[in-house]
Amino acid sequence: MKKFLCLLLSVMVLGGTTLVCAQDLVIKKVDLNGAEMWPEGIADEPIWAEIEAVPIEKHFFTSETTEEQPTVTAFFKMFYTDQFLYVYVDVTDDVHYPVWETGEIKSEHLYDKVELYFDVNDNLKDGKGPAYVNGYMDKGHFQLAPPFDDEFGYGNPYLPSGVLLGALSDQVFVGYSLKDDGKSYGIEFEFPLDRFTNDRDEYLSMTAFQNL
């Protein structure tokens with residue numbers, strides 16, 4: 001097993017609640033032996049049962065004007081192969097309210113969604129992150145923040161345009177699925193490992209990832 005650093009993983013829910021994981025993680029490398037992975041948000045492939053769930057801590061209130069505590073709980077799982085990094089996020093919620101309920105796309109961060117952030121630079125404390133500066137995102141930082149979208153529908157993997165910079169754009173499969181209660185959900189991501197680039201514009205090899 002090799003150590004990857006999960007700099008930040010956040011779950012955005014109704015009212016702007018943010019759940020955060022920021023810690024060192026030991027991520028398992030897996031040989032799927034020809035088995036197919038299809039990110040549908042269900043995580044029903046046998047390998048997921050072997051991957052440890054990591055709870056996502058609740059660190060922030062829902063807004064600056066209220067001290068209402070988050071009403072969701074969540075965890076995530078991750079593993080990687082020679083080609084892909086797989087992430088599954090499981091959210092237990094008391095109400096499901098995606099942005100397409102209102103169509104306020106500019107305010108999608110206030111509605112149910114999951115966001116993933118990656119920092120693949122050697123220097124993790126460079127003071128930079130996934131924010132636009134002069135029209136560009138800092139190199140080596142990646143954000144995937146696809147809103148729930150009824151155009152594609154639950155359980156149908158698709159390529160979102162939510163990666164903001166670089167070679168990962170339109171190459172990350174995403175699939176989400178509502179659970180039986182109609183409120184809770186799962187979401188899966190499939191990242192091509194050879195598409196990550198660092199702050200020197202270098203595509204990361206498997207060895208480079210493991211050395212992180």
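This report walks through the fold, strand pairing, aromatic rings, salt bridges and nonpolar cores of a predicted model.

## Overall fold

Let us start with the whole chain. It contains one helix and 12 strands, and reading along the sequence gives the pattern β-β-β-β-β-β-β-β-β-β-β-β-α. The helix, helix 1, covers residues 206-211.

Of the chain's 212 residues, 47% count as buried. About 11000 Å² of the chain is exposed, with carbon and sulfur atoms supplying 50% of that area. Sequence-distant contacts are well represented: among contacts between residues at least 6 apart in sequence, 60% join residues at least 24 apart.

## Strand 5 and its partners

Strand 5 is a good place to look next. This strand runs over residues 73-80 and is mostly covered, with six of its eight residues buried. Strand 5 pairs with strand 3 (residues 54-55) in the antiparallel sense, over two bridges. Here valine 54 stands opposite phenylalanine 76 of strand 5.

Strand 5 also pairs with strand 6 (residues 84-92), again in the antiparallel sense, this time over eight bridges. In this pairing, alanine 74 has valine 91 of strand 6 as its bridge partner. Strands 5 and 6 form a hairpin, with three residues between them.

## Aromatic rings around the hairpin

The structure holds 13 aromatic pairs. One of them joins phenylalanine 79 and tyrosine 86, whose rings are stacked at 5.1 Å centre to centre with 25° between the planes. Both phenylalanine 79 and tyrosine 86 are buried.

Tyrosine 86 also pairs with phenylalanine 84; the ring centres are 6.0 Å apart and the planes stand at 55°, so this pair is tilted. The two residues of the tilted pair can be set side by side: phenylalanine 84 is partly exposed, with a relative accessible area of 23%, while tyrosine 86 counts as buried at 4% relative accessibility. Phe79, Phe84 and Tyr86 belong to one aromatic cluster, together with Trp48, Phe75 and Tyr88.

## Salt bridges across the sequence

The model has nine salt bridges, and two of them involve neighbouring lysines of strand 2. In one, glutamate 50 and lysine 28 meet through their side chains at 3.8 Å, N to O. Glutamate 50 lies in the loop between strand 2 (17-29) and strand 3, and lysine 28 in strand 2, so this pair ties together parts that are 22 residues apart in sequence. Glutamate 50 is exposed, at 53% relative accessibility, whereas lysine 28 is partly exposed, at 30%. In the other, aspartate 82 bridges to lysine 29, with the closest N and O atoms 2.6 Å apart. This contact links distant parts of the chain, since aspartate 82 is in the loop between strand 5 and strand 6 and lysine 29 is in strand 2, 53 residues apart. Aspartate 82 counts as exposed at 58% relative accessibility, and lysine 29 as partly exposed with a relative accessible area of 34%.

Further along the chain, aspartate 122 and arginine 200 meet in a salt bridge at 3.2 Å, N to O. Aspartate 122 is in the loop between strand 7 (113-119) and strand 8 (132-133), and arginine 200 is in the loop between strand 12 (185-192) and helix 1, so the bridge ties together parts that are 78 residues apart in sequence. Aspartate 122 is exposed at 57% relative accessibility, and arginine 200 is partly exposed with a relative accessible area of 46%. Through shared partners, salt bridges join Asp122, Asp199, Arg200 and Glu202 into one network.

## Nonpolar cores

The largest nonpolar core has 32 residues, and Leu85, Val87, Val89, Phe118, Phe189, Phe191 and Phe196 touch the most other members. Strands 5, 6, 7, 10 (141-144), 11 (173-178) and 12 are the elements that give two or more residues to this core.

Apart from this core lies another one, of 10 residues, including Met37, Ile47, Trp48 and Ile51. Trp48 also appears in the aromatic cluster described above.

Phenylalanine 196 deserves a closer look. Leaving out residues up to four places away in sequence, phenylalanine 196 touches Phe118, Val120, Phe142, Leu168, Phe191, Glu202, Tyr203, Leu204 and Phe209. Of these, Glu202 is also part of the salt-bridge network, and Phe118 and Phe191 are among the core residues that touch the most other members.

Conventions:
Residues numbered from 1 in each chain as written. Predicted model: local features only at pLDDT ≥ 70, side-chain atom pairs only at ≥ 80, totals over all residues. Heavy atoms only, no water. Phe/Tyr/Trp six-rings, centres within 6.5 Å; stacked < 30°, edge-to-face > 60°. Buried < 20%, exposed > 50% of the residue type's maximum accessible area, 1.4 Å probe, protein only. Helix = DSSP H or I, 4+ residues; strand = E, 2+ residues; numbered from the N terminus. Pairing = 2+ DSSP bridges. Salt bridge = Lys/Arg side-chain N within 4 Å of Asp/Glu carboxyl O. Core = buried A, V, L, I, M, F, W, Y, C linked by side-chain atoms within 4.5 Å. Contact = heavy atoms within 4.5 Å. Areas by Shrake-Rupley, 256 points an atom, 1.4 Å probe, with all protein chains shown as cover.
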